[in-house]
Amino acid sequence: MSTRRSRNDIRGLAEPDVEAPKTARIEGDTAVFDAADLSPRQINLELRRLVYGEQIPEVTIENPGAKHSVAVGILTRCRITIDGSVGYFGATLGDGPEIHITGRVGWSVAENMMSGVTVIDKNAGSLTGAAMRGGDLVIRGHVGARTGIDQKGGTIIVGGNAGALTGFMMQRGRQIICGDAGPGMGDSMYDGAIYVGGAVASLGVDCVEAEMTPEDDELIDRKFRIYGMDRPASFRKFVCGKKLWNYDNLEPSERKLVL
């Protein structure tokens, strides 16, 4: 019988007794620390110590090692550079920070982001920007499936291609995709707009093409200037067809009787 102690407490909290390692090098308003030998909880505790406790507005995390759940729940204005790749759920639940990830990211980056900016220099996995509510999420490379699923606000910019079901159940906000979009784009979207510079494999249920306006082009130009990106020569715009806004009042069993 193993006597090894669990790393989780009764609430399921991992490493409940761990404290911030206090290994950061602080110089004026900037701080840098190496995350190579730190667990995700230690990384986040050190980051929170610097941002909240030491009031450091600019922090760099070196050697993140594709660990999961890094830079989660930062609720203040600051700049965070993650020099490397991040695993699942990176930069989620943020409200205010500007986060720059120089490598790749796994699933659900910037999930439930309220405000701020997250910029990823390379590719991102599936569920990028899931349930995002505000701010800008910029992926300079490609993204996986279901980008912006249940998106409620903000802007997602993709420099490359997007996978299947982009904008699935999108409720509000914008997506700007420079490359191609996979099948089922905009499926069951309720509101918002998706701009695509390349080809669209197929549209999902109740997603229709709409006319581009000068306001649309102004928005795209402004966003691309901010992030120093080259935009495609033209975009197509896709929105909700609004057929799913209204439902039949009859229950399925009642419809069978009528038919």
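This is a walk through the structure above, from its sheet to its helices, cores and cysteines.

The model is a predicted one, so local features are reported at pLDDT of at least 70 and side-chain atom pairs at pLDDT 80 or more, while totals for chains, interfaces and linings use all residues. Residues are numbered from 1 along each chain as its sequence is written, and side-chain values use heavy atoms, with hydrogens and water left out.

Let's start with the sheet. Twelve strands form an open sheet in the order 1-2-3-4-5-6-7-8-9-10-12-11, with mixed pairing. Strand 1 and strand 11 (207–210) stand at the edges with a single partner strand each, so one side of each has no neighbour in the sheet. On average, neighbouring strands are turned by 15° against each other, direction ignored; the axes behind such angles are lines fitted to C-alpha atoms, for helices over the stretch in contact, and angles run from 0 to 180 degrees between N-to-C directions. Strands here are DSSP runs of E with at least two residues, helices are runs of H or I with at least four, and both are numbered from the N terminus. Two strands count as paired if DSSP finds at least two bridges between them.

Strand 4 (79–83) is a good place to look at side chains. In a regular strand the side chains alternate between the two faces of the sheet. In strand 4, Ile80 and Ile82 point to one face and are buried, whereas Arg79, Thr81 and Asp83 point to the other and are not. Buried means under 20% relative accessible area, exposed means over 50%, and partly exposed lies in between (1.4 Å probe, protein chains only). On one side, strand 4 pairs with strand 3 in the parallel sense over five bridges, and Val59 has Ile80 as its bridge partner. Strand 4 also pairs with strand 5 (residues 95–101), again parallel, over four bridges, and there Ile80 stands opposite Ile99.

Strand 7 (residues 136–139) is covered on both faces: Asp136 and Val138 on one side and Leu137 and Ile139 on the other are all buried. Four bridges link strand 7 in parallel to strand 6 (residues 115–120), with Val119 opposite Val138. Strand 7 is also joined by four bridges to strand 8 (residues 152–158), which runs parallel to it, and Leu137 faces Ile156 in that pairing. Further along the sheet the sense changes: strand 10 (residues 193–196) and strand 12 (residues 236–240) run antiparallel, joined by three bridges, and Ile194 stands opposite Phe238.

Now for helix 1 (residues 40–53). Its 14 residues reach 19 Å from first C-alpha to last, close to the 20 Å expected at 1.5 Å a residue; the expected span is 1.5 Å times one less than the number of residues. Ile43, Asn44, Glu46, Leu47, Arg49, Leu50 and Val51 are buried in this helix, and what covers them includes strand 1 (25–27), strand 2 (30–34), strand 3 (58–62) and strand 4. Ahead of helix 1, in the loop that comes from strand 2, sits Ser39, which counts as buried because its relative accessibility is 14%. Leaving aside neighbours within four places in sequence, Ser39 is in contact (heavy atoms within 4.5 Å) with Glu15 and Lys67. After the helix comes Gln55, whose phi is positive, near 60°.

What lies inside? A nonpolar core is a set of buried Ala, Val, Leu, Ile, Met, Phe, Trp, Tyr and Cys residues joined through side-chain atoms within 4.5 Å. The largest has 46 residues, and those with the most contacts inside it are Phe33, Ile61 and Ile82. Helix 1 gives the most to this core, with four residues. Another core, of 16 residues, lies apart from it and includes Val119, Cys178, Ile220 and Met229.

Tyr227 sits in the loop between helix 2 (214–226) and strand 12, and is buried at 12% relative accessibility. The C-alpha atoms of Tyr227 and Val119 are separated by 8.8 Å, although these residues are 108 apart along the chain. Beyond neighbours within four places in sequence, Tyr227 is in contact with Val117, Val119, Asp136, Val138, Arg140 and Ile157.

Finally, how many disulfides are there? A search of the whole structure finds zero, a disulfide being a pair of cysteine sulfur atoms within 2.5 Å. The sulfur of Cys207 has its closest cysteine sulfur 8.2 Å away in Cys240, too far for a bond. Cys207 is buried at 6% relative accessibility, and Cys178 is buried too, with a relative accessible area of 13%.
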